[in-house]
Amino acid sequence: MTALPAGGPGLHQRRNLVTEIPGPASRALMDRRNAAVARGVSTTLPVFVTAAGGGVLLDADGNTLIDFGSGIAVASVGNAAQAVVERVQAQVAQFTHTCFMVTPYQGYVEVCEELGRRTPGTHEKRSALFNSGAEAVENAIKIARHNTGRQAVVAFDHAYHGRTNLTMALTAKNMPYKQGFGPFAGEVYRVPMAYPLRWPGGPQACRAQALDVVRSLIHTQVGEQNVAAVIIEPIQGEGGFIVPPDGFLAGLAEFCRQHGIVFIADEIQSGFCRTGDWFAVEHEGVVPDLVTTAKGIAGGLPLAAVTGRAEIMDAVHAGGLGGTYGGNPVACAAALGAIETMASQDLPARARRIGEIMLPRLRKLAETYPVIADVRGRGAMIAVELTRPGTLDPDPASTAAVAAFCHQAGLVVLTCGTFGNVLRFLPPLVIGEELLEEGLDILENAFASL
Ligand code: PLZ
């Protein structure tokens, strides 16, 4: 193996472009990729990474890029965070797999203990571990159905819950997630999301009406007594970083409680310190029955979980939940390192600080560039939505142009939204403030270039 610079927080924290983006080494790898990797798996920015850490990514041409994506909200503790590396290295040298269902190991139990402590609510909890977010969501639905003896599941407009068959059915957006992949799982019902910018009548009407609309649709079209679960992302992710008005989630949780419906918070993107709390529902003191987690939980290793009320979780018969790799020991070691980092470095506070730096600058940008119709988000889960000035007509072309400008300048940004017109910012929570400001400078130049 050729010696590559080590990643992690020791990586030089400075943007530095030495070739065009992508450079020749990345372009050559892209040619190999196109000849070997299925086209259905897409690429946002075709630079091949060789090391990463703190707030930067180093590519195969020696370019250092600023990271406002964290691999889609995963590397919250930074890539190759010290505690993650140490625990993974120790675990990988000890043993890599036994299957927790065959012969268990302590790391799995410790992760579940942490989940019980960190997730909202003081009630008794149990957790089960899986490999991906989609798998956690599928299992949360299985548990809710088993527990209630009911079948219907209610999901929201703009929701994203995964790419497996059941989670595709829960996901709202057709292209690219669902097109051509049906038939989808049944007994999934969709209701409007409390989306202030796009609520007919505007944000104030949204606050006043959204909950009533949802309750009434469930009552008239599904029947409360048939609903096993309501699943919602407390701040929607792929759908556009949509933040419901205060009171919506709390009202929804109360409605579920009244009718014996399992309330599932999908915190896969919003959880683990991203929004300035350990979990986004804490902002309003909402306590879900079940919480799904993944992404940020394990510093980049594949791990996901369902955590919930002991009586709901334990109602499932022994052997009813599982999977060969769920809660793999190396992934559990990474999670324990990531959680330790979040606690010892107070990453919820770091996330809040990132929001305090970003939001005012983005709001100023919105005053200068009327293409920005909305600035929203919490902590380090922040977005701007672009429309044709003075209208709500989505402007995905300008969104793509701003993203492309940023990419050329060495700033990794992601887009999202049902209409492809949202730029989202998910920096690692450990990013330095200078890098953060420099990334925002690039973004300003991108809007100026439109
Ligand atoms: N629930 C809220 O954000 C994953 C998807 C990337 P997996 N979001 C990134 C893509 O295009 O595939 C996500 C999420 C929420 C569930 C999931 C699914 O998590 O780990 O990707 O299965």
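This report describes the overall build of a predicted model of one protein chain and then some of its local backbone and side-chain features.

**Overall build**

The secondary structure of the protein chain comprises 13 helices and 15 strands. With a radius of gyration of 22 Å, close to the 22 Å that the globule rule gives for 450 residues, the chain is as compact as a globular protein of that length. The C-alpha trace extends over about 60 × 60 × 45 Å when it is laid along its principal axes.

Of the 450 residues in the protein chain, 54% are buried. Among the contacts with a separation of 6 or more, 74% are made by residues that stand 24 or more positions apart in the chain. The area that the protein chain exposes comes to about 18500 Å², and 53% of that area is supplied by carbon and sulfur atoms. As for charge, the chain carries 35 positive and 42 negative side chains, and a distance of 3 Å separates the centres of the two sets.

**Backbone features**

Most peptide bonds are trans, and most residues other than glycine have a negative phi. Against that background, the table gathers two cis peptide bonds and two positive phi values.

| Feature | Site | Angle |
|---|---|---|
| cis peptide bond | Ile21 to Pro22 | omega near -5 degrees |
| cis peptide bond | Met175 to Pro176 | omega about 0 degrees |
| positive phi, not a glycine | His158 | phi about 70 degrees |
| positive phi, not a glycine | Asp346 | phi near 45 degrees |

Pro22, at the cis bond from Ile21, belongs to the segment before helix H1, which covers residues 24–36. Pro176, which a cis bond joins to Met175, is placed in the loop between helix H6 (165–170) and strand E6 (188–191).

His158, whose phi is positive, sits in the loop between strand E5 (152–156) and H6. Its relative accessibility is 14%, so His158 counts as buried, the limit being under 20%. Asp346, also a residue other than glycine with a positive phi, is found in the loop between helix H10 (329–344) and helix H11 (347–368). At a relative accessibility of 40%, Asp346 counts as partly exposed, because this value falls between the 20% and 50% limits.

**Cysteines**

The structure holds 0 disulfides, and two of the cysteines can be examined in detail. For Cys99, the closest cysteine sulfur belongs to Cys332 and lies 12 Å away, which is too far for a bond, because a disulfide needs sulfur atoms within 2.5 Å. For Cys332, the closest cysteine sulfur is instead that of Cys112, at 7.2 Å, and this distance is likewise too far for a bond. Cys99 is buried, with a relative accessible area of 7%, and Cys332 is buried too, at 0% relative accessibility.

**The surroundings of Thr64**

Thr64 is part of strand E3, which runs over residues 64–67. With a relative accessibility of 11%, Thr64 counts as buried. When residues up to four places away in sequence are left aside, the residues that Thr64 touches are His12, Arg14, Arg15, Asn16, Leu17, Val56, Leu57 and Leu58.

Definitions and conventions
Residues are numbered from 1 along each chain as its sequence is written. This is a predicted model: local features need pLDDT of at least 70, side-chain atom pairs count only at pLDDT 80 or more; totals for chains, interfaces and linings use all residues. Side-chain values use heavy atoms; hydrogens and water are left out. Helices (H or I, at least four residues) and strands (E, at least two) are DSSP runs, numbered from the N terminus. The radius of gyration is taken over C-alpha atoms; the globule rule is 2.2 Å times the number of residues to the power 0.38. Buried means under 20% relative accessible area, exposed over 50%, partly exposed in between (1.4 Å probe, protein chains only). Contact means heavy atoms within 4.5 Å. Accessible areas come from the Shrake-Rupley method with a 1.4 Å probe; for residues, only the protein chains shown count as cover. Lys and Arg count as positive and Asp and Glu as negative; His and the chain ends are not counted. The place of a charge is taken as NZ of Lys, CZ of Arg, CG of Asp or CD of Glu.
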